[in-house]
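Trainee: I am new to this structure and would be grateful for a close look at a single part of it. Please take the aromatic rings and their surroundings, and then add whatever helps to complete the picture.

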Amino acid sequence: ALSEARRSLVYLRPTFAVVYDRLVSDAPRRWEWNIHALNAMTVISSRSISIQSGSQILCVDMLAGPGVQFTQTDLFTADPANGKPRQWHGRFESVAPLAAAEFVVLLNVGCAPVAASASKSNGVWTVPVGEKTVTIAADGRISVGASDTIRPTVAITSPSPGATVSGTITVMADASDNVGVVGVRFYYDGINFGGEATTPPYTATAYTNQVPNGSYTLTAIARDAASNTAASTPVTVTVSNP
């Protein structure tokens with residue numbers, strides 16, 4: 001029933017593993033990401049659980065994927081043989097039927113605090129986990145490198161510094177990064193306007209007739225997949241509406 005089912009595992013020594021699943025079907029389905037344990041799992045959130053066995057603990061964090069809900073059960077078609085205890089089956093199930101789904105899950109042995117996230121830009125997944133970054137290309141190729149600490153660059157290209165503006169204008173910026181820009185936000189006098197622009201050309205609409213006439217400073221802030229940010233050089237414009 002599937003036209004694609006791909007699973008990749010990346011072991012980040014000594015205590016982390018990243019699981020990447022890509023699934024495609026001709027018909028929309030409710031996808032499940034399943035996990036099995038000897039003991040009942042502790043639910044931290046709909047996207048995060050932990051499993052305890054003696055002195056050992058494992059945290060499971062869904063860094064990316066469709067909207068899901070988590071359920072677990074120790075019931076099966078038959079009780080275990082020889083009086084052995086029941087075991088537990090947990091599932092993260094997509095809330096809505098989808099024709100395709102991708103899951104990026106972090107397995108954290110010991111549950112040590114770690115900065116981890118997953119974002120997708122131009123078909124490429126970037127998954128920083130602590131001091132490492134896993135990159136998953138559109139064709140499924142995977143590479144691991146040091147975490148990205150290089151900030152993006154961004155500059156406002158329109159309007160030009162010193163311009164006099166009125167009515168509805170488009171504010172535009174160029175942004176680049178060594179890995180990839182996730183988004184750009186625009187600000188006037190430190191106040192955000194418009195949503196985050198996620199694809200180039202990076203633009204936002206400014207309604208200058210909704211603010212008093214006068215001088216305003218425009219800035220743009222770019223963000224990359226590793227959450228590095230950078231601000232543009234401020235551009236000062238004059239608003240003059242009738």
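Mentor: What follows treats the aromatic rings, then a pocket, and finally two individual residues. Please keep in mind throughout that this is a predicted model.

The structure holds five aromatic pairs. One of them is formed by Phe70 and Phe92, whose ring centres lie 4.8 Å apart. The planes of Phe70 and Phe92 make an angle of 50 degrees, and the pair is classed as tilted. This pair joins distant parts of the chain, since Phe70 belongs to strand E7 (residues 68-73) and Phe92 to strand E8 (residues 88-94), with the two positions 22 residues apart. Phe70 counts as buried because its relative accessibility is 13%, and the cut-off for that class is under 20%. Phe92 also falls under that cut-off, so with a relative accessibility of 0% it counts as buried.

Elsewhere, ring pairs connect Phe186, Tyr188, Phe193 and Tyr216 into a cluster. Tyr188 leads on to the largest pocket, as it is among the residues that lie nearest the centre of that pocket, together with Ala206, Tyr207, Thr208 and Val211. The lining comprises 14 residues in total, and the space inside is about 220 Å³. Strand E19 (202-207), strand E20 (214-224) and strand E22 (235-239) each contribute at least two residues to this lining. The greatest share comes from E19, which supplies three residues. Sorted by class, the lining has eleven nonpolar and three polar residues, and no charged ones.

Two individual residues complete the account. Ser25 is located in strand E2 (residues 16-29). With a relative accessible area of 5%, Ser25 is buried. A polar atom of the Ser25 side chain lies 3.0 Å from the backbone oxygen of Ala27. Setting aside neighbours within four places in sequence, Ser25 is in contact with Ala1, Leu2, Ser3, Trp31 and Ala99.

Cys59, in turn, sits in strand E6 (residues 56-64). Its relative accessible area is 12%, and Cys59 is therefore buried. Beyond the residues up to four places away in sequence, Cys59 touches Ile49, Ser50, Leu106, Leu107, Asn108 and Cys111. The C-alpha atom of Cys59 is separated by 7.2 Å from that of Gly110, although these two residues are 51 residues apart along the chain.

Notes:
Residues numbered from 1 in each chain as written. Predicted model: local features only at pLDDT ≥ 70, side-chain atom pairs only at ≥ 80, totals over all residues. Heavy atoms only, no water. Helix = DSSP H or I, 4+ residues; strand = E, 2+ residues; numbered from the N terminus. Buried < 20%, exposed > 50% of the residue type's maximum accessible area, 1.4 Å probe, protein only. Contact = heavy atoms within 4.5 Å. Polar contact = N/O pair within 3.5 Å; in protein donor to acceptor, adjacent residues only side chain to side chain. Phe/Tyr/Trp six-rings, centres within 6.5 Å; stacked < 30°, edge-to-face > 60°. 1 Å grid on protein atoms, 1.4 Å probe; cavity = no way out; pocket = protein on both sides within 12 Å on 5 of 7 lines; lining within 4 Å. Points joined across faces, edges and corners; volume = space filled by probe spheres on them. Nonpolar A, V, L, I, M, F, W, Y, C, P; charged D, E, K, R; others polar.
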